[in-house]
Amino acid sequence: MIVDDEEKIRAGISSYFPWDELGFSVIKLAADGQEAFDFMLGDERVDVILCDIMMPVVNGMELLEMMEESGMSGVKVVLLSGYREFEYAHKAIRFGVRDYLLKPTKYKELYATFSKLKQDLDEEARLAQPLAPEVPAMDTGVINQLKSLIYEQYRTLSLQQAADIVHMNPYYLSRLFKQKTGQNFYELLLKVRMDAAAELLTGSDHRIYEISEMVGYKNPKSFLKIFKRFYGMNPTDYRREHIL
């Protein structure tokens, strides 16, 4: 997925870079981080995001925070920026960003970065293949265990952590969960967190930033953006409307 608020850059990178040659396909062009985040909650699997930093609505760094705090840490991210500021690169490293490229991006750098990413993805896909034929009863047990983990550990759980617990590759586990439940891991995790937040808003006098932490969001800004996306209003308005 390519995320950039400049339409010419999105279209240019999508159309003129040899993605097919490297084994990639561009499945989405997003104009800001919110559009990108919403897309990742849908049916399409995103392996890599090529993302600008400075964007309106939700910028690149805010998107990284929203992804991390929503259990999406397994998605690989390459950042683009025209700003030579160390604080961005330093913060990006903390979120596990694979590379940080400066605009205007050099063809050779972009090619080298995605060549390496394709090798990594191929290796992950190889490891994700089951060593034995699928056993329906075993798959059902894994899915039930994963659902229990989400409901019990939603504050801190990520797909990678869940995969470690059930001793499965996260890539394969994600596919299995979608196949068996009809929704992806992130959708259910987000729903459980937002249901808990709504219950706290209407059933307690905790402040918004406290509720944010209680449902797994260290950054209240991420919580506010995600809550509004889910309920169509901010937490304050939700509390006001739902308390009689």
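**View 1. Contact between helices α10 and α12 in the predicted model.** In this predicted model, Leu 190, Lys 191, Met 194, Asp 195, Ala 197, Ala 198 and Leu 201 of α10 meet Phe 223, Ile 226, Phe 227, Arg 229, Phe 230 and Tyr 231 of α12. By residue class, this contact of α10 with α12 holds 10 nonpolar and 3 charged residues, with no polar ones. Helix α10 spans residues 185–203, and its axis comes within 11 Å of the axis of α12, the two crossing at roughly 95 degrees. The crossing angle therefore makes α10 roughly perpendicular to α12.

**View 2. Aromatic pair of Phe 227 and Tyr 238.** The count of aromatic pairs in the model comes to 15. In one of them, the rings of Phe 227 and Tyr 238 are arranged edge-to-face, with 5.5 Å from centre to centre and 90 degrees between the planes. Because Phe 227 belongs to helix α12 (residues 220–231) and Tyr 238 to helix α13 (residues 235–242), the pair ties together parts that are 11 residues apart in sequence. Phe 227 and Tyr 238 are both buried, and Phe 227 is also among the α12 residues that meet α10.

**View 3. Surroundings of Tyr 217.** Tyr 217 is placed in the loop between α11 (208–214) and α12, and this residue is buried, with a relative accessible area of 0%. Arg 193 lies over the face of the Tyr 217 ring, at 4.8 Å from the ring centre. When neighbours within four places in sequence are left aside, the contacts of Tyr 217 are Glu 69, Ser 70, Leu 190, Arg 193, Met 194, Ser 212, Ser 222, Phe 223 and Ile 226. Among these residues, Leu 190 and Met 194 in α10 and Phe 223 and Ile 226 in α12 also take part in the contact between those two helices. The C-alpha atom of Tyr 217 is separated by 5.9 Å from that of Glu 69, although the two residues are 148 residues apart along the chain.

**View 4. Aromatic cluster.** Ring pairs link six named residues, Phe 17, Trp 19, Phe 24, Tyr 107, Tyr 111 and Phe 114, into a cluster. Tyr 107, Tyr 111 and Phe 114 fall within the residue range of α6 (107–128).

**View 5. Cis peptide bond from Lys 103 to Pro 104.** Most peptide bonds are trans. The bond from Lys 103 to Pro 104, by contrast, is cis, with omega near -5 degrees. Pro 104 is found in the loop between β5 (99–102) and α6 (107–128), and Lys 103 has its place in that loop between β5 and α6 as well. At 24% relative accessibility, Lys 103 counts as partly exposed. Not counting residues up to four places away in sequence, Lys 103 touches Asp 4, Glu 6, Ile 9, Asp 52, Leu 80, Ser 81 and Gly 82. For Leu 80, which lies 23 residues from Lys 103 along the chain, the separation of the C-alpha atoms is 6.4 Å.

**View 6. Contact between helices α8 and α9, and the loop that joins them in sequence.** Leu 159, Gln 160, Ala 162, Ala 163 and Val 166 in α8 meet Pro 170, Leu 173 and Ser 174 in α9. The residues of this contact of α8 with α9 divide into 6 nonpolar and 2 polar, with no charged residue. The axes of α8 (residues 159–166) and α9 (residues 170–181) come within 9 Å and cross at roughly 95 degrees, which means that α8 is roughly perpendicular to α9. His 167 is found in the loop between α8 and α9, where this residue is exposed, with a relative accessible area of 73%. The phi angle of His 167 is near 60 degrees, a positive value in a residue other than glycine.

**View 7. Positive phi at Val 57.** Most residues other than glycine have a negative phi. For Val 57, however, phi is positive, near 65 degrees. Val 57 has its place in the loop between β3 (48–52) and α4 (60–68) and counts as exposed, at 57% relative accessibility.

**View 8. Overview of the protein chain.** The secondary structure of the protein chain comes to 13 helices and 5 strands. Of its 244 residues, 45% are buried. Among contacts with a separation of 6 or more, 66% are accounted for by residues 24 or more positions apart.

How values were computed:
Residues are numbered from 1 along each chain as its sequence is written. This is a predicted model: local features need pLDDT of at least 70, side-chain atom pairs count only at pLDDT 80 or more; totals for chains, interfaces and linings use all residues. Side-chain values use heavy atoms; hydrogens and water are left out. Rings of Phe, Tyr and Trp (its six-membered ring) pair if their centres lie within 6.5 Å; planes under 30 degrees apart count as stacked, over 60 as edge-to-face and the rest as tilted. Helices (H or I, at least four residues) and strands (E, at least two) are DSSP runs, numbered from the N terminus. Buried means under 20% relative accessible area, exposed over 50%, partly exposed in between (1.4 Å probe, protein chains only). A charge sits over a ring if NZ of Lys or CZ of Arg is within 6 Å of the ring centre and within 35 degrees of the ring normal. Axes are lines fitted to C-alpha atoms, for helices over the stretch in contact, and angles run from 0 to 180 degrees between N-to-C directions. Angles under 35 degrees count as roughly parallel, over 145 as roughly antiparallel, 65 to 115 as roughly perpendicular and the rest as oblique. Contact means heavy atoms within 4.5 Å. Ala, Val, Leu, Ile, Met, Phe, Trp, Tyr, Cys and Pro count as nonpolar, Asp, Glu, Lys and Arg as charged, and the others, Gly among them, as polar.
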